[in-house]
Amino acid sequence: MCSVVNRLKPALAYTLWLQTTGYSRKVPAHIGPGLRISKQPLDSVIIRPYCSRMELGKGPFFRQLFESVSSTYTYLLADTESREAVLIDPVLETVDRDLKLVEELGFNLKVAVNTHCHADHITGTGQLKNRLFGMKSAISKHSGASADILLSDGDKISFGKHYLTVRETPGHTDGCVTLVTGDQSMAFTGDTLLIRGCGRTDFQQGCSRRLYESIHQKIFTLPPQCLVFPAHDYKGQTASTVGEERRFNPRLTKSVEEFMDIMTNLNLPKPAKIDIAVPANLVCGLHEV
């Protein structure tokens with residue numbers, strides 16, 4: 001037994017070292033003298049501790065939240081030193097949940113930003129503004145919606161030492177934006193790029209060609225390892241990468257003509273809340289709510 005424990009010590013030490021440093025690196029085939037953790041070569045095996053950048057203090061605090069009725073993801077990012085935070089795509093029905101989390105974690109919510117004027121749910125930004133003094137709302141200047149901050153391509157949303165860069169990605173709507181972290185490790189793509197899919201283009205100024213060009217020129221040009229976090233998912237998926245979507249997205253691996261034909265023939269039903277959500281979201285979610 002002692003010999004087994006002694007042989008395991010290098011592996012345990014290596015594991016603890018990875019956990020404490022947060023390194024993402026290739027694992028050597030031999031961890032310690034005479035110890036091989038697998039019969040197959042491990043030169044290509046990658047260890048990626050979840051949120052290691054946050055543990056190291058190199059990246060912002062990050063939390064993905066979900067609203068089940070509209071299958072909407074809300075994202076909370078924060079600077080752990082200044083405590084300044086940003087909330088992406090809040091939903092009216094989950095404002096209490098989001099405020100409780102912000103309070104529990106001791107963050108100061110600086111900005112609540114919408115990636116576009118949503119048609120399937122009412123934004124929570126208006127209610128958040130009413131309950132948090134000094135918080136600002138933000139949306140694209142091309143959305144036609146009112147907000148404290150009207151965003152343009154290249155603008156930065158700062159929170160502490162971190163920031164999100166605005167990339168205009170119209171096509172689903174005129175006012176769609178993708179928000180990219182300063183180190184280009186994460187992209188919040190709204191309804192522009194979904195996991196193995198994309199936003200529809202049959203209403204709200206939708207244009208298939210513009211959507212295709214936006215994704216290929218503004219999102220697929222990001223590093224392949226950049227994580228993709230969409231505004232929605234309907235299959236239980238939580239994230240993808242730019243590299244994955246470039247290789248495996250069944251719509252966006254086609255030519256622009258093939259893509260436009262696919263989008264024309266989707267024949268999707270109208271969003272159930274569109275007649276309520278769009279007018280409300282044009283006024284920051286405060287339309288008779």
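## Briefing: Thr189, the β5–β6 hairpin and Asp79

Let's start with Thr189, which sits in strand β14, a run covering residues 186-190. Keep in mind that this is a predicted model. From there we move to the hairpin made by β5 and β6, then on to Asp79 in the loop between β6 and β7.

**Thr189 in β14**
- With a relative accessible area of 0%, Thr189 is buried, because anything under 20% gets that label.
- Beyond its neighbours within four places in sequence, Thr189 touches Val177 and Thr178.
- The list of contacts for Thr189 also includes Ile219, plus the run of Val228, Phe229 and Pro230.

**The β5–β6 hairpin**
- Strand β5 (residues 61-67) pairs with strand β6 (residues 72-78), running antiparallel over seven bridges.
- One pairing to look up is Leu65, whose bridge partner in β6 is Thr74.
- Four residues lie between the two strands of this hairpin.
- In the turn, Ser71 has a positive phi of about 55°.

**Asp79 in the loop after β6**
- Asp79 belongs to the loop that links β6 to β7, the latter being residues 84-88.
- Asp79 has 2% relative accessibility, so it counts as buried.
- A polar atom of the Asp79 side chain is 2.7 Å from the backbone nitrogen of Ser82.
- Setting aside neighbours within four places in sequence, Asp79 is in contact with Glu84.
- Further contacts of Asp79 include Phe159, Gly160, Lys161 and His162.

Notes:
Residues numbered from 1 in each chain as written. Predicted model: local features only at pLDDT ≥ 70, side-chain atom pairs only at ≥ 80, totals over all residues. Heavy atoms only, no water. Buried < 20%, exposed > 50% of the residue type's maximum accessible area, 1.4 Å probe, protein only. Contact = heavy atoms within 4.5 Å. Pairing = 2+ DSSP bridges. Polar contact = N/O pair within 3.5 Å; in protein donor to acceptor, adjacent residues only side chain to side chain.
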